[in-house]
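Here's a walk through the structure, going from charged side chains to the nonpolar interior. Keep the 3D view open as you read.

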Amino acid sequence: MIEVSAGIISRPDGHLLVCQRGEGRKNAHLWEFPGGKREAGESAADCLRRELLEELSLPVRNVRAVYEDEAQGIHFTFLRGETEAEPVPTEHEAVRFLPARALLTLPFCPADTEVARALALNAPPLRHFFWDFDGTLMDT
């Protein structure tokens with residue numbers, strides 16, 4: 001079975017990191033939580049730290065496992081982590097730090113969809129909101 005680590009990485013403002021998969025890759029143009037395949041003898045946390053440095057030049061701290069799932073012969077470990085640095089994408093089309101509720105607006109890879117939905121729906125309640133002229137939900 002393939003072992004994969006995926007990061008739910010937050011900044012001090014609580015916004016979460018999501019990455020858009022590049023052209024020519026499986027699930028191209030869909031969004032995902034960054035991470036990758038574990039190497040032999042590597043822990044899930046060490047894998048996530050390595051992958052984030054390789055793919056995004058992004059150091060993270062306080063890495064801890066929060067959820068595990070299996071699908072199509074792949075075992076996923078989702079880990080929370082924190083950073084104050086800005087990612088530098090090398091493999092992704094785009095990277096964004098978004099408030100948790102905004103995750104509902106993006107098309108995610110199948111393996112990340114339920115985690116994104118759970119994070120968005122368990123976000124703190126909105127205090128105020130209104131619709132912008134282009135139909136975008138604005139919150140405060």
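Glu39, Glu42, Arg50, Glu51 and Glu54 are joined up in a network of salt bridges. Bear in mind that this is a predicted model. One link in that network is easy to pick out: the side chains of Glu54 and Arg50 meet in a salt bridge, with 3.3 Å from N to O. Both residues belong to helix H1, four residues apart, or about one turn of the helix. Are the two partners buried or exposed? Glu54 is partly exposed, at a relative accessible area of 46%, while Arg50 comes out at 17%, which puts Arg50 under the 20% cut-off and makes it buried.

Stay on helix H1 for another pair. Arg49 forms a salt bridge with Asp46, and their closest N and O atoms are 3.1 Å apart. These two also sit about one turn of the helix from each other, this time three residues apart. Here both ends are partly exposed: Arg49 has a relative accessibility of 31%, and Asp46 has a relative accessible area of 42%. In general, side chains of opposite charge can pair when their charged atoms come close. Across the whole structure, a search turns up 11 salt bridges.

Now move over to the strands. Glu82 and Arg61 also meet through their side chains in a salt bridge, at 4.0 Å from N to O. Glu82 lies in strand S6 and Arg61 in strand S5, so this pair ties together parts that are 21 residues apart in sequence. Glu82 counts as partly exposed at 26% relative accessibility, and so does Arg61 at 37%.

While you're around S5, check the backbone. Asn62, in strand S5, has a phi near 55°, a positive value in a residue other than glycine. Asn62 is partly exposed, with a relative accessible area of 46%. Ser57 shows a positive phi too, near 50°, and is likewise a residue other than glycine. Look for Ser57 in the loop between helix H1 (44-56) and S5; its relative accessible area is 40%, so it's partly exposed.

Next come the aromatic rings. How many aromatic pairs does a search of the whole structure find? It finds four. In one of them, Tyr67 and Phe78 have ring centres 5.9 Å apart and planes at 40°, so the pair is tilted. Tyr67 lies in strand S5 (residues 61-71) and Phe78 in strand S6 (residues 74-82), so the two rings tie together parts that are 11 residues apart in sequence. Tyr67 is partly exposed, with a relative accessible area of 38%, whereas Phe78 is buried at 0%. Phe78 also pairs with Phe76: those ring centres are 6.3 Å apart and the planes are at 25°, so this pair is stacked. Phe76 counts as buried at 13% relative accessibility. Step back and you'll see that ring pairs link Phe33, Tyr67, Phe76, Phe78 and Phe108 into a cluster.

Phe78 leads straight into the nonpolar interior. The largest nonpolar core has 19 residues, and Phe78 is among those with the most contacts inside it, along with Ile8, Val18, Phe33, Leu103, Phe108 and Leu119. Strand S1 (2-10), strand S2 (16-21), S6 and helix H2 (110-121) each supply at least two residues of this core. The largest share, four residues, comes from H2. Apart from this core lies another, of 13 residues, including Ala45, Leu48, Leu52 and Leu56. As for Phe78 itself, its contacts beyond four places in sequence include Ala6, Ile8, Phe33, Ala111 and Val115, and also the polar residues Arg64 and Asp112.

Finish with His92, in strand S7 (residues 92-98). His92 is buried, at 8% relative accessibility. What does the side chain of His92 make a polar contact with? The partner is the side chain of Glu32, at 2.9 Å. Setting aside neighbours within four places in sequence, His92 is in contact with Cys19, Gln20, Arg21, Arg25, Glu32, Glu55 and Leu56. Leu56 is a name you've already met, as a member of the 13-residue core.

Note on methods:
Residues numbered from 1 in each chain as written. Predicted model: local features only at pLDDT ≥ 70, side-chain atom pairs only at ≥ 80, totals over all residues. Heavy atoms only, no water. Phe/Tyr/Trp six-rings, centres within 6.5 Å; stacked < 30°, edge-to-face > 60°. Buried < 20%, exposed > 50% of the residue type's maximum accessible area, 1.4 Å probe, protein only. Core = buried A, V, L, I, M, F, W, Y, C linked by side-chain atoms within 4.5 Å. Contact = heavy atoms within 4.5 Å. Polar contact = N/O pair within 3.5 Å; in protein donor to acceptor, adjacent residues only side chain to side chain.
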